[in-house]
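Q: I'm new to this one and would like a close look at a single part of it. Could you pick one buried spot, start there, and then work outwards?

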Amino acid sequence: MRIDKYLKVSRIIKRRTLAQQACEAGRVFVNGKVAKPSTDVKVGDVIEVHFGDRVFKCKVTSVDEKVQKNLASSMYEVME
């Protein structure tokens, strides 16, 4: 699954267009490398998103196309 879609489905970022913009601005990293919006995400990858001065770091535990809102947080495990 593409990183921009994963960020939207897992509800880390609310809209896919915002996820694309964050990737293009160099604020999203997958396994320590800057991610383009089309970067593939797999189970076990580490995602790092920079929100201003805060950093959100998580490990991908599942990749699902559709997830209910209350189960979205089960798609990742917060690391820091």
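A: Let's start with Ile 47, which is buried, with a relative accessible area of 0%. Keep in mind that this is a predicted model. Ile 47 sits in strand β3, which covers residues 46-51.

What does Ile 47 touch? Leaving aside neighbours within four places in sequence, Ile 47 is in contact with Ile 3, Tyr 6, Leu 7, Phe 29, Val 41, Phe 56, Lys 57, Cys 58 and Val 60. Some of those partners can be placed on the chain map: Ile 3, Tyr 6 and Leu 7 fall within α1, residues 3-9, while Phe 29 belongs to β1, residues 28-30. Phe 56, Lys 57, Cys 58 and Val 60 are found along β4, residues 54-60. Cys 23 is a different matter: Cys 23 and Ile 47 are 24 residues apart in sequence, and their C-alpha atoms are 12 Å apart in space.

One of those partners, Phe 56, leads straight to the next stop. The structure holds one aromatic pair. The rings of Phe 56 and Tyr 76 have their centres 5.7 Å apart and their planes at 85°, and since planes over 60 degrees apart count that way, the pair is edge-to-face. This pair ties together distant parts of the chain, with Phe 56 in strand β4 and Tyr 76 in strand β5 (residues 76-78), 20 residues apart. Are these two residues buried or exposed? Both Phe 56 and Tyr 76 are buried.

Stay on β4 and you come to Lys 59, which is found in that strand. Lys 59 is partly exposed, with a relative accessible area of 35%. Not counting residues up to four places away in sequence, Lys 59 touches Gly 44, Asp 45, Val 46, Met 75, Tyr 76, Glu 77 and Met 79. That list includes Tyr 76, the ring partner of Phe 56. Val 46 on the list is part of β3, the strand that holds Ile 47. Looking towards β1, Lys 59 and Val 30 are 29 residues apart in sequence and 9.7 Å apart in space, going from C-alpha to C-alpha.

Just after β1 comes a little oddity. Asn 31 is found in the loop between β1 (28-30) and β2 (33-34). Its phi is positive, about 55°, although Asn 31 is not a glycine. Why bother pointing that out? Most residues other than glycine have a negative phi. With 45% relative accessibility, Asn 31 counts as partly exposed.

Arg 11 does something along those lines too. Phi of Arg 11 is near 65°, a positive value in a residue other than glycine. You'll find Arg 11 in the loop between α1 (3-9) and α2 (16-24), where it is partly exposed, at a relative accessible area of 40%.

From that loop, it's worth hopping on to helix α2, where Gln 21 is found. Gln 21 is partly exposed, with a relative accessible area of 46%. Gln 21 and Pro 37 are 16 residues apart in sequence, and their C-alpha atoms are 8.2 Å apart in space.

For one more stop, look at the loop between β4 and β5, which is home to Gln 68. Gln 68 is exposed, with a relative accessible area of 54%. The C-alpha atoms of Gln 68 and Ser 10 are separated by 9.4 Å, with their positions 58 residues apart along the chain.

Now zoom out and see where these stops belong. The secondary structure of the chain comes to two helices and five strands, and along the sequence they follow the pattern α-α-β-β-β-β-β. With 80 residues, a compact globule would have a radius of gyration near 12 Å, and the chain has 11 Å, which agrees. The C-alpha trace spans about 30 × 25 × 20 Å along its principal axes.

How much of the chain is buried, as Ile 47 is? Of the 80 residues, 38% count as buried. Among contacts with a separation of 6 or more, 35% are between residues 24 or more positions apart. On the outside, the chain exposes about 5100 Å², with carbon and sulfur atoms supplying 48% of it. As for charge, there are 16 positive and 10 negative side chains, and the centres of the two sets lie 6 Å apart.

Methods:
Residues are numbered from 1 along each chain as its sequence is written. This is a predicted model: local features need pLDDT of at least 70, side-chain atom pairs count only at pLDDT 80 or more; totals for chains, interfaces and linings use all residues. Side-chain values use heavy atoms; hydrogens and water are left out. Helices (H or I, at least four residues) and strands (E, at least two) are DSSP runs, numbered from the N terminus. The radius of gyration is taken over C-alpha atoms; the globule rule is 2.2 Å times the number of residues to the power 0.38. Buried means under 20% relative accessible area, exposed over 50%, partly exposed in between (1.4 Å probe, protein chains only). Contact means heavy atoms within 4.5 Å. Accessible areas come from the Shrake-Rupley method with a 1.4 Å probe; for residues, only the protein chains shown count as cover. Lys and Arg count as positive and Asp and Glu as negative; His and the chain ends are not counted. The place of a charge is taken as NZ of Lys, CZ of Arg, CG of Asp or CD of Glu. Rings of Phe, Tyr and Trp (its six-membered ring) pair if their centres lie within 6.5 Å; planes under 30 degrees apart count as stacked, over 60 as edge-to-face and the rest as tilted.
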